[in-house]
Amino acid sequence: MNDEYDEVDELDDEDEFDEDLGALPPPAAPVFGLGDVPEGYRSGFACFVGRPNVGKSTLTNAIVGQKIVITSDKPQTTRTVVRGIVHRPDGQLVLVDTPGLHRPRTLLGERLNDLVRTTWSEVDVVAVCFPSDEKIGPGDKFLVTELAKVRKTTKIAVATKTDLATPDRIAEHLLDIAELGRETGTDWAEIVPVSSVGGDQVDLLAELLVGLMPEGPPLYPDGDLTDAPEEILAAELIREAALDGVRDELPHSIAVVVEEMGLREGRPDDKPLLDIHANLYVERDSQKGIMIGKKGARLRQVGTTARQQIEALLGTPVYLDLHVKIAKDWQRDPRQLRKLGF
């Protein structure tokens with residue numbers, strides 16, 4: 001990994017990153033003709049929503065069967081809409097992982113909340129996650145009240161993290177979820193307790209979600225696990241590695257952009273090497289020092305961890321060239337938010 005550390009006060013025009021993180025794209029063209037689709041085959045979109053850190057991303061990875069979205073104990077880890085594709089004999093389920101709905105403190109926070117609300121109206125099913133080791137709170141009630149305004153979308157409730165709660169606590173939690181539905185006028189199509197870590201009832205949840213999808217052909221080719229570009233997946237894995245061990249406001253200030261990515265020319269076919277050149281942005285010089293660490297030790301660890309994760313996901317050896325740059329107050333600056341892809 002390259003040990004060079006760069007600083008910029010504003011992103012230059014050539015740093016622009018145009019990935020649109022807004023509304024869902026139109027579904028892909030059906031993979032095969034209607035005559036080839038098994039009778040009763042279903043396909044569609046489901047969205048996991050909830051407060052930050054309720055287990056949405058972990059649950060997405062568990063159902064897909066492979067890590068496609070990053071996880072962290074830091075608030076608002078998820079910033080992009082990433083779709084995981086689940087292939088079953090009876091249907092195809094496209095899981096949409098979204099940021100947690102929260103009280104925004106920055107323009108970035110406002111845009112993430114807008115992204116969540118837009119997604120609600122564009123999917124077939126919204127699954128609201130309530131962690132079993134926490135009581136239903138004002139944040140949950142606010143979210144479900146907002147969701148109740150979306151009339152046409154089917155809604156289910158998922159009691160996550162059941163491995164962290166006793167059977168009595170889970171039973172009480174399920175009753176509280178049902179009562180929240182009554183209070184907000186939300187008709188839960190299902191209430192399902194699951195543990196992503198233990199795998200408890202994950203398959204059942206996937207089966208229930210497929211059953212709620214409309215009948216139709218597959219939307220993505222067999223074998224595809226996500227429609228996210230590899231550059232986005234790599235950038236997210238770098239950010240996940242950077243989030244590990246940082247505290248206070250720094251997690252919110254970290255953004256990653258992959259500037260260039262491609263197979264190195266001149267390599268034999270049986271020994272490919274994927275070159276990735278990426279910039280890791282923070283908002284202040286003090287944060288830059290934290291991210292780099294003493295004599296660059298922390299940045300090297302971030303690079304090593306990220307490289308291993310990218311190699312595991314893409315199945316190709318990686319050379320990661322990682323730089324740290326400063327984009328002052330980017331979370332509050334519309335121009336810099338646009339250039340960072342938000």
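How much area does the chain expose, and what share of it do carbon and sulfur atoms supply? The chain exposes about 15700 Å². Carbon and sulfur atoms supply 48% of that area. Keep in mind that this is a predicted model.

**Whole chain.** Start with everything selected. The chain has 342 residues, and 50% of them count as buried. Color by secondary structure: there are 10 helices and 9 strands. Now turn on contacts between residues at least 6 apart in sequence; 75% of these join residues at least 24 apart.

**The sheet.** Select strands E7, E8 and E9. They form an open sheet in the order E7-E8-E9, with mixed pairing. Look at the edges next. Strand E7 (255-263) and strand E9 (318-326) stand there, and each has a single partner strand, so one side of each is left without a neighbour in the sheet. Neighbouring strands are turned by 15° against each other on average, direction ignored.

**Between E8 and E9.** Zoom in on strand E8, residues 274-282. This strand runs parallel to E9, and 9 bridges join the two. For one of the bridge pairs, pick Tyr 281 and find its partner in E9, Lys 325. In general, strands of a sheet pair through backbone hydrogen bonds, either parallel or antiparallel.

**The helices.** Add helix H8, residues 285-292. H8 packs on the sheet and touches E8 and E9. The direction of H8 makes about 155° with that of E9. Then select helix H9, residues 297-314. Which strands does helix H9 lie across? H9 lies across E7, E8 and E9. Helix H9 runs at about 135° to E9.

Key
Residues are numbered from 1 along each chain as its sequence is written. This is a predicted model: local features need pLDDT of at least 70, side-chain atom pairs count only at pLDDT 80 or more; totals for chains, interfaces and linings use all residues. Side-chain values use heavy atoms; hydrogens and water are left out. Helices (H or I, at least four residues) and strands (E, at least two) are DSSP runs, numbered from the N terminus. Buried means under 20% relative accessible area, exposed over 50%, partly exposed in between (1.4 Å probe, protein chains only). Contact means heavy atoms within 4.5 Å. Accessible areas come from the Shrake-Rupley method with a 1.4 Å probe; for residues, only the protein chains shown count as cover. Two strands pair if DSSP finds at least two bridges between them. Axes are lines fitted to C-alpha atoms, for helices over the stretch in contact, and angles run from 0 to 180 degrees between N-to-C directions.
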